[in-house]
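Hi everyone, thanks for coming. I'd like to walk you through a structure you haven't met yet, so have a look at it while I get going.

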Amino acid sequence: MSSDARVRTVRLDWSLESVPKIRHAIVDDLSDGTIDDDIISECEMVVSELVTNAIRHAKPLADGSIRVHWKVRAPRVEVEVTDGGSDDVPVPKPKAEWVNAGRGLRIVRSLAHEWGVTDERNGRTVWASLGGPSRRRA
């Protein structure tokens, strides 16, 4: 990893009360002057949506938590949310005017440069790259 990159991993309680905590954590971490304010706002929204979706639609990791990891290589930020997986693959819901839920991944898709889902032996990771393409393609 190059010296201009930094990473952070946070484990959260499996609770919707963790959503504002992770929003504050990522904003605080990114607010050092190296990342554009628009990208910080987009990261805040994306991490909020991904954590909320994981808690609502998947199960926790074996230790009862959810893991949020981000990697910063200015101007790009890659965010990953790992949970214990579910039977359903996360996909954006079709557009509908009169629904109270189901917009999370559409929001992620609209803000992220790219995003994806990786199934692992012990769970699932949903990731998004903001501010530029993901290094995952390299």
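**A first walk through the fold**

Okay, so what are we looking at? The chain has 3 helices and 5 strands. Keep in mind that this is a predicted model. If you trace the chain along its sequence, the pattern goes β-α-α-β-β-α-β-β.

A few overall numbers before we zoom in. There are 138 residues in the chain, and 42% of them count as buried. The accessible surface is about 8,000 Å², and carbon and sulfur atoms make up 47% of that. Now, take the contacts in the chain with a separation of 6 or more: 64% of those are between residues 24 or more positions apart.

On to the sheet. In what order do its strands sit? The order is S1-S2-S3-S5-S4, in an open sheet of 5 strands with antiparallel pairing. And which strands stand at the edges? Those are S1, residues 6-13, and S4, residues 114-120. Each has a single partner strand, so one side of each is left without a neighbour in the sheet. On average, neighbouring strands here are turned by 15° against each other, ignoring direction.

Let's stay with S4 for a moment. S4 runs antiparallel to S5, which covers residues 123-130, and 7 bridges join the two. If you want a spot to find on your screen, look for Gly116, which stands opposite Trp127 in S5.

Now the helices that pack on this sheet. Helix H1, residues 18-30, touches S1, S2 (65-73) and S3 (76-83). The direction of H1 makes about 165° with that of S1. Helix H2, residues 37-57, packs on the sheet too, touching S1, S2, S3 and S5. For H2, the direction makes about 10° with that of S3.

Last stop: one residue, Leu130, which lies in strand S5. Is Leu130 buried or exposed? Its relative accessibility is 0%, and buried means under 20%, so Leu130 counts as buried.

What does Leu130 touch, once we leave out residues up to four places away in sequence? The list includes Ile39, Glu42, Cys43 and Val46, and those numbers fall within H2, residues 37-57. Also among the contacts are Val77 and Val79, which sit in the 76-83 stretch of S3. Leu111, Ala112 and His113 are on the list as well.

And one distance to finish on: Leu130 and Val77 are 53 residues apart along the chain, yet their C-alpha atoms are separated by 5.3 Å.

Notes:
Residues numbered from 1 in each chain as written. Predicted model: local features only at pLDDT ≥ 70, side-chain atom pairs only at ≥ 80, totals over all residues. Heavy atoms only, no water. Helix = DSSP H or I, 4+ residues; strand = E, 2+ residues; numbered from the N terminus. Buried < 20%, exposed > 50% of the residue type's maximum accessible area, 1.4 Å probe, protein only. Contact = heavy atoms within 4.5 Å. Areas by Shrake-Rupley, 256 points an atom, 1.4 Å probe, with all protein chains shown as cover. Pairing = 2+ DSSP bridges. Axes fitted to C-alpha atoms, helices over the stretch in contact; angles between N-to-C directions.
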